[in-house]
Each structure stands twice: as structure tokens, then as C-alpha cells.
Amino acid sequence: MASNTSWEKIFIDYNILEHDFSEKPFELTAKQIKAACQEFKGTTEKEVRILCKQDTRESRPQIFKDNNLFLLPKKNGIYYIVKGEGYVNIPKINTEVIEYKSKLDFKLESSMVGDSEMQHLDLAYASSLVRTFMNDDSLLLTIRGRKYTPGFTFNVENQTLTVESVQTEVDAGYEGRDKIVLIEAKNSDVTNTIIRQLYYPYRQWKQQTSKDIYLLFFDRDKTNNVYNIWQFEFENENDYNSIKLVKSGRYKIVGPNSI
């Protein structure tokens with residue numbers, strides 16, 4: 001979790017709370033963050049990457065929570081501090097668990113080694129669960145790892161922001177005949193996530209391909225090894241807050257690769 005002490009000092013050093021957030025976001029550079037935190041000893045108190053990792057509402061520093069603020073990258077080394085709602089709820093799925101019969105007729109032994117979010121996502125794909133959820137047998141794994149966005153402009157609340165070559169990363173991206181499916185995966189029970197993790201890759205691939213873009217959020221319930229999948233969409237591609245849930249489901253893989 002980002003350091004409360006460090007962010008309190010950053011806000012004091014740059015008079016951030018005196019800024020008129022109703023007019024525009026406050027822009028803050030990595031150099032400014034380092035300068036304000038240079039006397040702190042702990043890595044979590046001065047490392048920019050750690051201080052700016054605020055992936056859930058709860059992981060924000062207290063000063064962000066108290067003032068309804070959240071962080072968005074503008075470009076590498078420059079951040080927006082924005083007033084408003086930066087997160088989307090990941091609702092509990094209350095439908096019955098669907099027993100999904102794996103399309104594989106052999107056991108993937110390597111998928112049983114370890115317990116990472118990536119290996120569970122890979123098992124869901126190898127078993128054709130992702131294809132089944134999206135009703136598209138043509139999906140192939142084509143996107144993984146870090147890439148940089150093209151420039152784009154979007155709205156948050158009533159403000160216009162511009163992004164320039166921000167590094168993004170999706171846990172997996174699948175391309176089919178007429179669609180691209182991007183997935184953000186977690187291996188823990190989360191109730192919300194920052195919209196940016198879905199929105200920036202969405203805008204990136206919206207510009208870089210001609211196909212329709214679909215967005216999935218994936219996690220595993222460790223208590224019963226059930227895979228949860230949510231599909232989201234943006235009703236207005238230029239509106240960060242236009243995200244909405246389309247559908248969701250709970251799945252238990254059965255067959256040679258039951259877990």
C-alpha cells in the first residue's frame with residue numbers, strides 16, 4: 001500500500017490541496033515525488049513505482065481517500081491527480097457455478113506447478129473456457145506483456161485529459177476473426193479495481209486494430225477453485241467513467257485438468 005506519510009509530505013511540499021480540482025487535474029512528476037521523499041529510508045516510502053501503485057480504492061493513501069482523489073499516468077514520469085471516481089466495482093457473482101468440461105483430452109501437468117494468476121488464466125484458455133465464455137472458437141493468444149499506448153484524449157467527470165505513450169500491460173490478449181479480447185487477471189478476492197487497467201489497453205488496441213475490443217476481468221476463488229469471469233464495456237470510448245458490466249459467470253473446470 002502506498003505510504004501515507006510520503007504522500008502527506010508530497011501534498012504539503014507542492015500545495016496540492018490548494019489546487020482547484022474542479023478546473024483541471026494536478027500534474028505531478030516522478031522527479032517531484034523523488035525530491036519530496038528523498039529523506040525517507042524505506043523503499044515503500046520513496047520508490048515512485050510503489051507510491052503510485054493504487055490499484056484499488058483501499059490501496060490509496062488516506063489523503064487521496066479523504067479528498068476523493070485518484071492517480072492516472074499522463075506519460076511515463078508524469079501523473080495526473082484527479083478528483084472523482086477512478087474505480088469500478090467487481091460485483092460478487094451470485095449465479096450457480098457452471099461445471100465446465102475442458103476441451104482438452106489430456107492433463108496439463110505443468111499447469112499444476114505453482115499458483116499464479118497467469119497459470120490459472122492460461123489453464124482457462126487452454127481448456128477453451130475463455131473461448132466458450134466469448135462464444136468464439138477462433139480466439140488465439142496474441143497479446144502479452146508491456147507495450148506503449150499511442151496518444152489519446154478522454155474525459156473524466158467534466159475534465160479532458162491527454163495521454164502520451166504510457167506503458168500498459170495486459171495479462172493476456174486474444175485475437176479472433178472479428179474481435180480482440182483483453183483480460184486483467186487477479187489471483188485474489190477483489191471488490192474493485194482502477195478503471196485505468198481496462199481503459200488504457202482498450203483505447204490502445206481500439207486505435208491499433210480495426211476489430212472490436214472486448215474486456216474481461218478474471219479471478220480464481222481459492223476456497224473452491226472456481227474461476228470467475230466478468231465482461232465490461234465502455235458505452236462511450238472517450239468517457240473513462242462510462243464503464244459498465246455486460247455479463248459474468250462462475251465456472252468449475254472438470255475433466256483431466258480439474259483443480
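Biologist: Welcome to this predicted model! Which residues lie nearest the centre of the largest pocket?

Modeller: The lining of the largest pocket in this predicted model is made up of 32 residues. A handful of them lie nearest the centre of that pocket, and these are Arg49, Lys53, Gln167, Glu169 and Arg196.

Biologist: Which element gives the most to the lining of the largest pocket?

Modeller: Helix H4 (48-51), E2, strand E6 (140-148), strand E9 (167-175), strand E10 (179-186) and helix H8 (196-208) each give two or more residues to that lining. With five residues, the biggest contribution comes from E9.

Biologist: What is the volume of the largest pocket, and how many charged residues are in its lining?

Modeller: The space in the largest pocket comes to about 980 Å³. Sorted by class, its lining holds 15 nonpolar and six polar residues, and the number of charged ones is 11.

Biologist: Let's turn to the second largest pocket. Which residues are closest to its centre?

Modeller: The second largest pocket has a volume of about 330 Å³. It is lined by 16 residues, and those closest to the centre are Lys92, Asp189, Asp219, Asp221 and Asn228.

Biologist: Which strand supplies the largest share of the lining of the second largest pocket?

Modeller: By class, this lining has five nonpolar, four polar and seven charged residues. Two strands, E12 (212-221) and E13 (226-234), supply at least two residues each. The largest share is three residues, and the strand that supplies it is E12.

Biologist: Now for the sheet. Which strands stand at its edges?

Modeller: The open sheet has seven strands in the order E5-E14-E13-E12-E10-E9-E6, with mixed pairing. An edge strand has a single partner, so one side of it is left without a neighbour in the sheet; the strands in that position are E5 (98-101) and E6.

Biologist: What is the average twist from one strand to the next?

Modeller: The question concerns the open sheet of seven strands, E5-E14-E13-E12-E10-E9-E6. From one strand to the next, the twist averages 35°.

Biologist: How do E6 and E9 run, parallel or antiparallel, and which residue is the bridge partner of Arg146?

Modeller: E6 and E9 are joined by seven bridges, and the two strands run antiparallel. Arg146 has its bridge partner in E9, and that residue is Glu169.

Biologist: Glu169 has come up before. Where else does it appear?

Modeller: Glu169 is among the residues nearest the centre of the largest pocket. It also helps to line a cavity, together with Ile143, Gly145, Lys147, Thr168, Val170, Gln204 and Trp205. That cavity, with a volume of about 30 Å³, is the second largest one.

Biologist: Which residues line the largest cavity?

Modeller: The structure holds two cavities of 30 Å³ or more, and the space in the largest is about 40 Å³. E10 and H8 each supply at least two residues of its lining. The full lining consists of Val170, Leu182, Ile183, Glu184, Gln197, Leu198, Pro201 and Leu215.

Biologist: Which residues of helix H6 are buried, and what angle does the helix make with E9?

Modeller: Helix H6 covers residues 117-126, and its buried residues are Gln119, His120, Leu121, Leu123, Ala124 and Tyr125. H6 packs on the sheet, where it touches E6, E9, E10, E12, E13 and strand E14 (243-254), and the angle between its direction and that of E9 is about 20°.

Biologist: Is Ser6 buried or exposed, and which residues is it in contact with beyond its neighbours within four places in sequence?

Modeller: Ser6 is found in helix H1. Its relative accessible area is 0%, so Ser6 is buried. The C-alpha atoms of Ser6 and Leu51 are separated by 8.1 Å, although the two residues are 45 apart along the chain. Leaving those close neighbours in sequence aside, Ser6 is in contact with Cys37, Phe40, Glu45 and Leu51.

Biologist: Where is Asn15 found, and what is its relative accessible area?

Modeller: Asn15 has a positive phi of about 50° although it is not a glycine. It is found in the loop between helix H1 (4-13) and strand E1 (26-29). Asn15 is partly exposed, and its relative accessible area is 43%.

Terms used:
Residues are numbered from 1 along each chain as its sequence is written. This is a predicted model: local features need pLDDT of at least 70, side-chain atom pairs count only at pLDDT 80 or more; totals for chains, interfaces and linings use all residues. Side-chain values use heavy atoms; hydrogens and water are left out. Helices (H or I, at least four residues) and strands (E, at least two) are DSSP runs, numbered from the N terminus. Buried means under 20% relative accessible area, exposed over 50%, partly exposed in between (1.4 Å probe, protein chains only). Contact means heavy atoms within 4.5 Å. On a 1 Å grid over the protein atoms alone, a cavity is a set of points where a 1.4 Å probe fits but cannot get out, and a pocket is an open set with protein on both sides within 12 Å along at least five of seven lines; lining residues have an atom within 4 Å of a point. Grid points are joined across faces, edges and corners, and a volume is the space filled by probe spheres set on the points. Ala, Val, Leu, Ile, Met, Phe, Trp, Tyr, Cys and Pro count as nonpolar, Asp, Glu, Lys and Arg as charged, and the others, Gly among them, as polar. Two strands pair if DSSP finds at least two bridges between them. Axes are lines fitted to C-alpha atoms, for helices over the stretch in contact, and angles run from 0 to 180 degrees between N-to-C directions.
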